[in-house]
Amino acid sequence: MALRFTRGMFWWLGVLVWAVVCGSSLPAQNRDDALPNSAADTVTAEPSYFLNENSSNVVVFPTTARNRLGWRVVVRVASSLTADTMRVEMDFSTTGGPTTADLNLELRLTPSSTGHAPPQSSLRASVPFRIPEGTSQTRFARHLPKSSFGNFYVVEILEGGRPVPGCRSSVGDSITYRESAMYVNQSLQMRFSALWVRSDVDESTRPQSLKTWALSHGGYPYHSTASPDEWMQMIESGNGGDMSSNFAAIEPRSLPLDWRAYQPYDAVLMHGEDWRSLSEKSPAAATALRQWIQLGGVLILRGVNAEDVETLPAERYQTASREALAEASIQVQQTAAHYDAMSDPNSELYSREMSYIVSTTESRAQWDEWFPKAAEELRQSLRDYPTTWASQKNGVQGRAEVAGTIIYLGTPKKVSGTFSEEDAPESGIETLQWAAAVELMGWKHSRLLRSGVDPILGSQRFFQWVIPGVSQPPVYTFMGLLGVFVVLVGPVAYRKTAKAGRSYLMFAIAPLLAIATTVALLGYGVIADGFGTRGRIRQITWVDGATGEGGTRTRSTYFAGIRPSQGLAFPGDSEVTLYPDNQTRGWESRIDDRFESRGLVTATDDGLVFNRDFLPSRQQRQFVVHRPVSRWGQVRISENLSGEPLPVVQSPMAANANNAASVALDEQKLTGPASVVVHCDANMPLREIIVCDPERRYYFAESVDANASAVAVQITKKHASERLGEMYKRQWLISTVVQRRQTNSAFNQSIENEMSDLVSERLNQIDSVVKPTDGVFEFELQQRLQLQSDLPPNSFLALADIDNDAVAIEGTQVTDSIHYVMGSLP
């Protein structure tokens with residue numbers, strides 16, 4: 001029977017080809033595209049060696065054999081194909097002495113039509129920089145949003161808006177298989193990408209640690225490599241045995257000074273000793289890493305127990321469940337049993353498995369020798385670190401750090417007395433340590449789920465947060481105008497002309513009335529929406545009570561009657577993601593669209609400016625912004641020593657009930673102090689603040705001013721739950737689009753619209769009870785206000801005004817917005 005290739009088989013063949021070339025770059029090619037102008041900015045020093053030859057595409061300016069400029073610039077652009085934050089590094093040096101005058105230069109990145117998909121999803125980028133007089137060498141980095149698949153850019157340097165001679169080239173690769181690009185993007189987003197920070201303490205065990213991961217998580221290596229030696233080379237280079245995971249390696253001295261550099265990674269693995277000393281050696285790098293963690297990142301600390309690094313209450317820590325570890329142990333044993341069965345070259349399993357791979361006699365002999373060794377390594381790993389160790393206090397522990405997670409892998413010492421600190425085996429990270437870390441990370445190990453936004457296609461969740469009443473047809477007004485038109489044409493115009501014996505005039509009157517009605521409809525629609533800019537902002541600020549620091553997530557929708565000439569300006573330390581309004585149109589249906597970028601993004605130290613192309617007239621556009629919050633302040637409570645009468649606070653249900661007495665019968669009995677004093681040591685006033693003390697007693701205050709105090713009255717848990725639910729329903733996420741009824745008919749299913757919601761696809765790959773589709777900040781808010789209607793002990797939640805920095809367009813009329821502030825008490 002002849003082998004028949006289906007369309008799906010060609011797609012997955014393309015996926016395999018792309019997977020092999022992921023991260024590689026072709027030699028730069030010259031391009032001649034013209035680019036617009038932008039302003040210059042001052043250089044700030046930041047290490048530019050976070051990107052190396054393995055993680056970046058490099059171009060050196062000038063490209064001519066003879067340098068007539070007197071200076072040289074090395075540009076590195078992150079080579080990631082997916083729509084992650086794109087890091088750009090520049091290394092400037094002079095060929096002679098220091099510069100004799102200021103240089104106001106601009107780096108431009110223009111996406112190539114052959115190197116980005118879908119055709120209308122890419123962004124142009126501008127990085128202005130200023131080289132002061134007397135400079136011999138400097139380097140710096142910027143971080144840009146990326147909303148397309150691909151890494152092929154035309155790169156050039158401009159001065160005064162004009163191209164500098166010899167400073168034009170290109171970086172990246174063309175996309176050969178456009179039909180399969182969507183599947184490659186999906187596979188890369190599903191891949192676990194981690195950053196391994198090297199350490200002299202455990203560098204010798206790094207290959208074994210990654211090998212243990214690969215044996216238990218990477219599938220069967222003989223499916224992806226030709227020989228065991230090739231497989232080990234792949235592991236040592238960073239790939240986790242196949243393309244399902246990747247561990248990039250970096251030296252501690254090369255850690256970045258900007259938290260956004262970590263965004264393309266799902267987790268960072270660092271030795272506990274380096275984490276403890278990082279603040280002393282590089283305070284800026286420590287701040288950047290901590291900011292990334294607080295905004296949802298996962299830090300895995302190797303070789304230390306939690307008690308070796310910090311002293312926190314025991315209730316702050318979690319351990320992996322014994323059920324999950326037992327299941328992981330069974331899976332490891334099943335994998336070892338599979339390798340045992342493969343040890344017999346005469347078995348049916350061996351014949352069936354090896355018949356699907358291309359191998360030589362020599363490589364098969366290597367695999368025959370490798371199978372029993374791999375099985376024994378897995379079993380030995382379970383013996384060296386059993387389930388009981390991983391789930392104990394000094395085993396693998398994790399704790400929340402605002403929106404992120406810190407995991408301590410622990411050491412064999414102090415666990416059962418079997419090993420002492422001196423003779424603990426140096427075998428690296430064991431199988432169940434990996435399993436426990438994965439269990440504690442949960443769904444947060446996916447960077448896509450932490451942000452909750454696919455910048456390439458978006459999703460229908462765009463319509464959960466639109467500005468009500470704008471860019472929508474006023475149906476009843478239109479019906480009235482059409483009714484007037486019908487009356488004028490029929491009973492009025494026709495009867496008048498008929499009585500006058502001039503019915504032929506209707507051939508002129510009817511079209512004129514139709515034109516006038518159409519103009520009236522369009523005019524009313526324009527006037528009703530107005531010519532200014534409106535915005536709807538949903539801001540969530542999450543702070544740590546111990547340090548007064550944290551992060552904020554802002555989901556903002558803008559509508560402009562006339563597009564703003566200055567564009568949209570966001571803070572310089574923020575990560576901005578465009579949230580497309582995708583309804584049902586999938587990736588493949590866009591392949592043949594005309595190539596066009598979404599707009600120009602200018603990145604300076606002070607801000608990210610999205611030009612006016614991102615907000616077309618009379619259309620709604622949505623952005624999601626994540627930003628660290630430094631020195632926000634604290635909310636704390638103290639004993640109320642005042643003898644003044646306490647304010648009366650009614651629950652929402654009691655205030656709306658006809659019989660308040662019957663409601664009072666349901667109230668719980670209060671214990672403890674009847675009131676406390678709430679102190680707001682922040683620069684913003686808070687409203688409707690609800691505090692849960694360490695004893696899980698609730699207190700409520702109508703408002704507390706910035707850097708001031710107020711009396712909070714104790715309320716029952718039921719009262720607090722009602723208020724929390726009401727606060728969430730005041731501005732909750734409800735889609736304005738009615739979902740179409742779907743059928744299982746193959747005739748009604750369009751292959752062009754498959755996988756249009758990458759966040760949902762990613763969730764389907766994770767065995768998790770919860771389905772967080774809107775990111776970690778929104779998920780936590782929903783848990784506290786809606787699903788649980790309860791606050792953690794020693795925490796608070798309140799409302800506040802929208803931050804000024806959260807409004808990206810000056811003069812915007814903000815409507816139907818809300819700002820939640822939550823966090824812990826000191």
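## Two cis peptide bonds before proline

P62 sits in the loop between β1 (56-61) and β2 (71-78), in what is a predicted model. The peptide bond that leads from F61 into P62 is cis, with omega near 0 degrees. P62 has a relative accessible area of 11% and is therefore buried. Leaving aside residues up to four places away in sequence, P62 touches N67, L69, W71 and R72, and also G166 and C167. A further link to that later part of the chain is given by P165, which lies 103 residues from P62 in sequence, while the C-alpha atoms of the two are 7.7 Å apart in space.

A second cis peptide bond runs from A117 to P118, here with omega near -15 degrees. P118 is placed in the loop between β4 (103-111) and β5 (124-131). As background to both bonds, most peptide bonds are trans.

## Positive phi outside glycine

Most residues other than glycine have a negative phi. Against that background, E688 has a phi near 50 degrees, a positive value in a residue other than glycine. E688 belongs to strand β25 (residues 686-692), and with 16% relative accessibility it counts as buried, because the cut-off for that class is under 20%.

S789 also departs from the negative values, with a positive phi of about 50 degrees although it is not a glycine. This residue is found in the loop between α20 (775-787) and β28 (795-799). The relative accessibility of S789 is 15%, so S789 counts as buried.

## The surroundings of R538

Where is R538 found? R538 is part of strand β16, which covers residues 533-543. With a relative accessible area of 1%, R538 is buried, and its side chain reaches the backbone oxygen of Q731 at 2.4 Å.

The contacts of R538, not counting residues up to four places away in sequence, draw on several parts of the chain. They include W465 as well as R553, T554 and R555. Q731, which supplies the backbone oxygen just described, is also among the contacts, together with Y728, W732 and L733. The remaining contacts of R538 are E778, L781, I818 and Y820.

## Helices and their packing

Helix α2 (residues 181-190) is mostly covered, since nine of its ten residues are buried. Those buried residues are A181, M182, Y183, V184, N185, Q186, L188, Q189 and M190.

The axes of helix α5 (residues 272-281) and helix α6 (residues 283-294) come within 6 Å of each other and cross at roughly 125 degrees. That angle makes α5 oblique to α6, and the crossing of α5 and α6 is left-handed. On the α5 side of the contact are W275, L278, S279, E280 and K281, which meet P283, A285, A286, L289, R290 and I293 in α6.

How do α4 and α10 cross, and at what angle? The axes of helix α4 (residues 228-237) and α10 come within 9 Å and cross at roughly 65 degrees, which makes α4 roughly perpendicular to α10. In this pair, P228, D229 and W231 of α4 meet Q366, W367 and W370 of α10.

Helix α10, spanning residues 361-384, also holds A375. A375 is buried, with a relative accessible area of 0%. Beyond residues up to four places away in sequence, A375 touches A336, Y339 and D340. T335 is 40 residues from A375 along the chain, and the C-alpha atoms of A375 and T335 are separated by 7.5 Å.

## The chain as a whole

The secondary structure of the protein chain comes to 20 helices and 30 strands. Of its 826 residues, 52% are buried. The accessible surface of the protein chain comes to about 37,700 Å², and carbon and sulfur atoms account for 51% of that surface.

When contacts in the protein chain are taken between residues at least 6 apart in sequence, 79% of them join residues at least 24 apart. Individual residues described above illustrate such links across the sequence: R538 touches I818 and Y820, and P62 touches G166 and C167.

Terms used. Residues are numbered from 1 along each chain as its sequence is written. This is a predicted model: local features need pLDDT of at least 70, side-chain atom pairs count only at pLDDT 80 or more; totals for chains, interfaces and linings use all residues. Side-chain values use heavy atoms; hydrogens and water are left out. Helices (H or I, at least four residues) and strands (E, at least two) are DSSP runs, numbered from the N terminus. Buried means under 20% relative accessible area, exposed over 50%, partly exposed in between (1.4 Å probe, protein chains only). A polar contact is a pair of N or O atoms within 3.5 Å; within protein, one must be able to donate a hydrogen and the other to accept it, and residues adjacent in sequence count only if both atoms are side-chain atoms. Contact means heavy atoms within 4.5 Å. Accessible areas come from the Shrake-Rupley method with a 1.4 Å probe; for residues, only the protein chains shown count as cover. Axes are lines fitted to C-alpha atoms, for helices over the stretch in contact, and angles run from 0 to 180 degrees between N-to-C directions. Angles under 35 degrees count as roughly parallel, over 145 as roughly antiparallel, 65 to 115 as roughly perpendicular and the rest as oblique. A crossing is left-handed if the near helix is turned anticlockwise from the far one by less than a right angle, and right-handed if clockwise.
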